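I opened the notebook to record what I looked up, one entry at a time. The entries follow the order in which I went through the model.

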Amino acid sequence: MILEYHKVNDTDQDDPYTVPVQDFCGQLDYLQQHGYETISLLDFMKAAKGKANLPKKAVVLTFDDGYIDNYTELLPVLEEKKAKATVFMVTNYIGTEGYLTWQQLHDMQKRGIEIGSHTANHDPLTPMTPERIEDEIGLSKLLLEWNGIHPVFFFSYPNGIYNDEAIAALKKNQYLAAVTGHSGINTFATNPYLLQRLNIPRPRMGLLEFKVRLFKANLFTRLGILQHSN
């Protein structure tokens with residue numbers, strides 16, 4: 001199971017993409033109490049190729065865009081809970097107001113956070129020409145690696161949408177996998193460039209809403225229903 005987050009803080013109180021710190025801690029506690037263990041996307045891919053074993057109930061925590069609170073608020077919680085996570089960075093946002101700096105990204109990686117690409121500019125890929133798609137996917141990876149973020153194997157589609165040209169560009173640029181906006185549970189048979197994620201927005205009903213979202217994702221997966229996260 002892969003969970004999709006954006007921000008974790010107590011400041012952006014009206015932002016639907018922000019999960020308050022206490023709520024996020026409660027969600028992690030719930031997962032741990034019910035036997036889930038956090039893994040990285042690299043852990044998942046190694047296991048899919050038979051080179052590693054996964055815990056019985058594995059979960060990947062992912063964070064899109066690269067907001068500064070991923071360093072100031074999220075990272076201390078993850079370390080306290082001994083949890084892994086993946087941050088997908090929009091490379092042209094690095095060092096701008098409200099977003100992670102290169103120094104913070106390097107420190108996060110040293111402290112066990114997996115860093116992936118979320119394109120160069122966060123524009124939806126599907127309306128683009130193949131050449132522009134190649135730029136967004138290839139140059140973002142190149143910029144991260146040129147600046148010492150190694151390796152960059154994973155990608156998050158802006159707005160969760162993709163096409164064949166995007167998948168081809170990912171393969172060409174040696175990404176191993178990518179996450180979409182579809183909600184569901186992945187298996188080793190899932191196309192690695194079409195991994196499903198469960199979106200976790202700002203809770204309106206506390207932990208109950210989190211539990212319901214987990215239940216729905218498992219149910220829809222069993223029924224074979226493909227749903228876009230919201």
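Before the first entry I wrote down a definition: a crossing of two helices is right-handed if the near helix is turned clockwise from the far one by less than a right angle, and left-handed if it is turned anticlockwise. I also noted that this model is predicted.

Entry 1, two helices side by side. I looked up helix α1, residues 21–33, and how it packs on α3. The angle between them is about 25 degrees, and their axes are 11 Å apart. Angles under 35 degrees count as roughly parallel, so α1 is roughly parallel to α3. By the definition above, α1 passes α3 in a right-handed crossing. From α1, the contact is made by Val21, Phe24, Cys25, Leu28, Asp29 and Gln32. From α3, I listed Glu73, Leu74, Val77, Leu78 and Lys81. Sorted by type, the residues of this contact are seven nonpolar, one polar and three charged.

Entry 2, helix α4. Which residues of α4, residues 102–110, are buried? I found Gln104, Leu105 and Met108. Seen down the axis of α4, the buried residues fall within an arc of 100 degrees, so they line one face of the helix. The face turned away from that buried side carries Gln103 and Lys110, which are exposed. I then checked what the buried residues of α4 pack against, and wrote down α3 (69–81), β6 (86–89) and β7 (114–117). After α4 comes glycine 112, with a positive phi near 100 degrees.

Entry 3, helix α6. I did the same for α6 and found Ala166, Ile167, Ala169 and Leu170 buried. They cover an arc of only 160 degrees around the axis, which puts them on the same side of α6. On the other side of α6, I noted Asp164 and Lys172 as exposed. The cover over the buried residues of α6 includes α5, β8 and β9.

Entry 4, unusual backbone values. I reminded myself that most residues other than glycine have a negative phi, and that most peptide bonds are trans. Glutamine 174, which follows α6, has a positive phi near 65 degrees. I placed glutamine 174 in the loop between α6 and β9 (177–179). Glutamine 174 counts as exposed because its relative accessibility is 58%, and the cut-off for exposed is over 50%. Asparagine 159 also has a positive phi, near 60 degrees. I found asparagine 159 in the loop between β8 and α6 (164–172). At 48% relative accessibility, asparagine 159 counts as partly exposed. For peptide bonds, I noted that the one from histidine 150 to proline 151 is cis, with omega near -15 degrees. Proline 151 lies in the loop between α5 (130–146) and β8 (154–156).

Entry 5, histidine 6. Where is histidine 6? I found it in the loop between β1 (2–5) and β2 (7–8). Is histidine 6 buried or exposed? Histidine 6 counts as buried, because its relative accessibility is 9% and buried means under 20%. I left aside its neighbours within four places in sequence and listed the contacts of histidine 6: Tyr17, Phe63, Asp64, Asp65, Tyr67, Asp69, Asn70 and Asn199.

Conventions. Residues are numbered from 1 along each chain as its sequence is written. This is a predicted model: local features need pLDDT of at least 70, side-chain atom pairs count only at pLDDT 80 or more; totals for chains, interfaces and linings use all residues. Side-chain values use heavy atoms; hydrogens and water are left out. Helices (H or I, at least four residues) and strands (E, at least two) are DSSP runs, numbered from the N terminus. Buried means under 20% relative accessible area, exposed over 50%, partly exposed in between (1.4 Å probe, protein chains only). Contact means heavy atoms within 4.5 Å. The arc is that of the directions from the helix axis to the C-beta atoms. Axes are lines fitted to C-alpha atoms, for helices over the stretch in contact, and angles run from 0 to 180 degrees between N-to-C directions. Angles under 35 degrees count as roughly parallel, over 145 as roughly antiparallel, 65 to 115 as roughly perpendicular and the rest as oblique. Ala, Val, Leu, Ile, Met, Phe, Trp, Tyr, Cys and Pro count as nonpolar, Asp, Glu, Lys and Arg as charged, and the others, Gly among them, as polar.
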